[in-house]
2 protein chains.
Amino acid sequence: MVYPTIGILGAGQLGRMLALAGYPLGLRFRFLDPALDAPAGHLAEHIHAGYEDTATLERFSAGLDAVTYEFENVSVAAAHFLSERLPVYPPPAALEAAQDRLVEKTFFRNLGVATAPFAIVDSQADLEAAILQIGLPAMLKTRRLGYDGKGQIILRESADAATAWAALGDAPLILEGFVPFERELSILAARSRNGEIACFPLIENHHRDGILRLSLAPAPDITPALQSAAEHIALRALAALDYVGVLAIELFQVMSNEFQVTTGPNSSDLSLVTRHSSLVVNEMAPRVHNSGHWTIEGAETSQFEQHLRAVLGLPLGATAARGFSAMVNLIGALPDPAVVLAISGAHLHLYGKQPRAGRKLGHITLRAEHEDLLRARLEQLQRMIQ
Amino acid sequence: MVYPTIGILGAGQLGRMLALAGYPLGLRFRFLDPALDAPAGHLAEHIHAGYEDTATLERFSAGLDAVTYEFENVSVAAAHFLSERLPVYPPPAALEAAQDRLVEKTFFRNLGVATAPFAIVDSQADLEAAILQIGLPAMLKTRRLGYDGKGQIILRESADAATAWAALGDAPLILEGFVPFERELSILAARSRNGEIACFPLIENHHRDGILRLSLAPAPDITPALQSAAEHIALRALAALDYVGVLAIELFQVMSNEFQVTTGPNSSDLSLVTRHSSLVVNEMAPRVHNSGHWTIEGAETSQFEQHLRAVLGLPLGATAARGFSAMVNLIGALPDPAVVLAISGAHLHLYGKQPRAGRKLGHITLRAEHEDLLRARLEQLQRMIQ
């Protein structure tokens, strides 16, 4: 196999960017996705069919050297079917753990990693009990198939429970407590078939309406201890899943106060000694991730190339940031490319999709050698494309 | 045209890298090339046919927003045929000037730019006369269709003339004198449809057997005056050709000695006052160029994206280098990707071609933040892939 062919389940923008990163490595690609005008279909072979039919999977897998996926809602049965025939990475077990919020949170809890408080909700009675256990506000979420804020409802008071149950109660649910976080971060780590591991610098993420809008990388004001804590979480997850590929873990940075008893006239006085940051896992994605798009220009190796290197058992690439990057998602409407490209250091990425409200149509990565310059360019961009 | 479609004449590695740079801009591509297994055909629509048939050109051009080419030996007639139907950049006149070594050298001479001494050779008698005029050694070259050292013979003594004439005399020829250069450089400049111009930093090139082997960028030890002199040449050429797209100009750096008469006992004594560098044009290519491949990782904007921005009339991108880069061509044989990718900062680019002696199969760009580190990595790579 001079030029290996990789099969990818899903032909969206992540698949498209995987192919763009993989062609220079001499790879060829075949996508499976029922969508007719899928972003990756413009630049590779694309079988327009669903993921469940074994005859389709046979046809898809013929002659492939390895299979991976660009989204985590591929059925585990399909992944297992393929993995009996050829290497499938990340391993189907990782897919299984990531597809169900309850399994996922339990997985991290069993690793000794902090998560938001959670409780299983299979009935309206479960929901009442869960609210008592976790408190309000809390999020009621479907255990499966949620993304970009879909399949979740916030509960602010007990009276919200009935409405939320009526809306989501057809599916298995989970109630998650709120974590009073300082900010949202993510860590992207890769593990190769040969066991090599590499982590990218922590990324700061800003969501609105449940959709990622802006990522800053490297995340500002990260101490080596916090980076190390994030990598420690990633390493434990990679090892536990015998993972291969890029794994994204979304985190909350939480400020904890440390007190000590002061021996004053009133012996029960507590005084604040230190405030320190700790990390709570929100969720993981067993694939390349929107918060890692900045790596195309902003890191020595992109997350897309890194994923392919890992899947093929090639040495992993350097993950150091090159300067400072800001990634802005383009949602619902396309900007004028001439306006974007007039900004020095702006890199435009369009996915070739037809515009539609709420749809991720592309992203822009701004890169600069200095953080101040990056901030200035980001303000310029945000004024222009609003 | 939300997502413009660009037609490209030629589907080799340059076309492939144009498409890889253009997809993120939301562009779509259609290639025309008679080769069946062409590098760009793996990732875009590819019409397998020659460039001369007007029915083919009609079919190729239907629905395109603009046409460009990835090699300069497209017939001018075909370019004119297309340019009556849709925007064709670079303009066919630039193609015409670059296709014929005599026209090309005359073009630069008329701009007041230094070239190697040259003379037209249409007969054996012309050749004898040209040797007398230019001296030996000299290169006898076909005026058209030469590349990578093909179609040229070195003449070291008068007796070589007859053999060289017998080998090449069927085609119109040019005799070129040798330029005693210090090193070979190239400058890549872009001019947009709206007249904006941007130049990349000078590149140092190393050839063997007429084929580019290694480029260093930015070229070491370049004074601002030399960069400025190169840009001045590029700007004159771009303006004279009403050029649109990336233009590559290969240059010789020549050391000139400046003397002055000393008023000593012997009044004819000359003493060396200064040595300074000047530039002599070797040739130009009206397209993206092998010596610019380092820009993919080593510059803020790649030459491929820059060319497409120019052709579409979009703002040009920043051309500043990001650290130091060395580009090594992979000729004839493929290295083990695992060996290459184990080097930190190594970026592998394979073109998907079947290996064959003398064939450009790919390139590796090494990038480092410091020149010393780049040198060390380059030595490591050269030991590994030799």
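At 65% relative accessibility, A:Asp209 counts as exposed, because the cut-off for that class is over 50%. The model in which this residue is described is a predicted one. A:Asp209 belongs to the loop between E11 and E12 of chain A, and its backbone has a phi near 55°, a positive value in a residue other than glycine. A similar description can be given for chain B. There, B:Asp242 has a phi near 45°, again a positive value in a residue other than glycine. B:Asp242 is placed in the loop between helix H8 (224–240) and strand E13 (245–261) of chain B, and it counts as exposed because its relative accessibility is 51%. As background, most residues other than glycine have a negative phi, and most peptide bonds are trans.

The second half of that background leads to two prolines. In chain A, the peptide bond that joins A:Ala217 and A:Pro218 is cis, with omega at about -10°. A:Pro218 sits in the loop between strand E12 (211–217) and helix H8 (224–241) of chain A. In chain B, a cis peptide bond is found between B:Leu136 and B:Pro137, with omega at about -5°. The loop that holds B:Pro137 runs between helix H6 (124–134) and strand E6 (138–142) of chain B.

Aromatic rings offer another way into the structure, which holds 12 aromatic pairs over all chains. In one of them, the ring centres of A:Tyr23 and A:Phe29 are 5.4 Å apart and the planes stand at 80°, so the pair is edge-to-face. A:Tyr23 and A:Phe29 are both buried. A:Phe31 joins them as well, since ring pairs link A:Tyr23, A:Phe29 and A:Phe31 into a cluster.

Another pair is formed by A:Phe200 and A:Trp294, whose ring centres are 6.4 Å apart; their planes meet at 80°, so this pair is edge-to-face too. The pair links distant parts of the chain, as A:Phe200 and A:Trp294 are 94 residues apart. A:Phe200 comes from the loop between strand E10 (197–199) and strand E11 (203–208) of chain A, whereas A:Trp294 comes from the loop between E14 and helix H9 (295–298) of chain A. Are these two rings buried or exposed? A:Phe200 is buried, because its relative accessible area is 0%, and A:Trp294 is buried for a matching reason, with a relative accessible area of 0%.

Rings also meet charged side chains. In chain A, A:Arg85 lies over the face of A:Phe81, at 3.6 Å from the ring centre. In chain B, the charged end of B:Arg85 is placed over the ring of B:Phe81, 3.6 Å from its centre.

Turning to the strands of chain B, E15 (residues 324–331) is mostly covered, with six of its eight residues buried. Which strands pair with E15(B)? One is strand E12 (residues 211–217) of chain B, which pairs with E15(B) in the antiparallel sense over four bridges. Within E15(B), B:Ala326 stands opposite B:Leu216. Another partner is strand E17 (residues 360–368) of chain B, joined to E15(B) by eight bridges, and these two strands run antiparallel. Here B:Asn329 faces B:His363 of E17(B), the two standing opposite each other.

The surface of chain A carries a nonpolar patch formed by A:Phe259, A:Val261, A:Leu270 and A:Leu272, which together have about 410 Å² of accessible area. Where in the chain do the patch residues come from? Strand E13 (245–261) and strand E14 (270–285) of chain A each supply at least two of them. A:Leu272, one of the patch residues, is located in strand E14 of chain A. Its relative accessibility is 47%, so A:Leu272 counts as partly exposed.

A last stop in chain A is A:Asn110, which is found in helix H5 (residues 101–110). A:Asn110 counts as exposed because its relative accessibility is 62%. Along the chain, A:Asn110 and A:Leu32 are 78 residues apart, and their C-alpha atoms are separated by 34 Å.

Technical notes: Residues are numbered from 1 along each chain as its sequence is written. Chains are lettered from A and ligands numbered from 1 in the order in which they are written. This is a predicted model: local features need pLDDT of at least 70, side-chain atom pairs count only at pLDDT 80 or more; totals for chains, interfaces and linings use all residues. Side-chain values use heavy atoms; hydrogens and water are left out. Patches are made of residues with over 30% relative accessible area and no salt bridge: like charges are joined within 9 Å, nonpolar side chains (Val, Leu, Ile, Met, Phe, Trp, Tyr) within 5 Å. Accessible areas come from the Shrake-Rupley method with a 1.4 Å probe; for residues, only the protein chains shown count as cover. A salt bridge is a side-chain nitrogen of Lys or Arg within 4 Å of a carboxyl oxygen of Asp or Glu. Buried means under 20% relative accessible area, exposed over 50%, partly exposed in between (1.4 Å probe, protein chains only). Rings of Phe, Tyr and Trp (its six-membered ring) pair if their centres lie within 6.5 Å; planes under 30 degrees apart count as stacked, over 60 as edge-to-face and the rest as tilted. A charge sits over a ring if NZ of Lys or CZ of Arg is within 6 Å of the ring centre and within 35 degrees of the ring normal. Two strands pair if DSSP finds at least two bridges between them.
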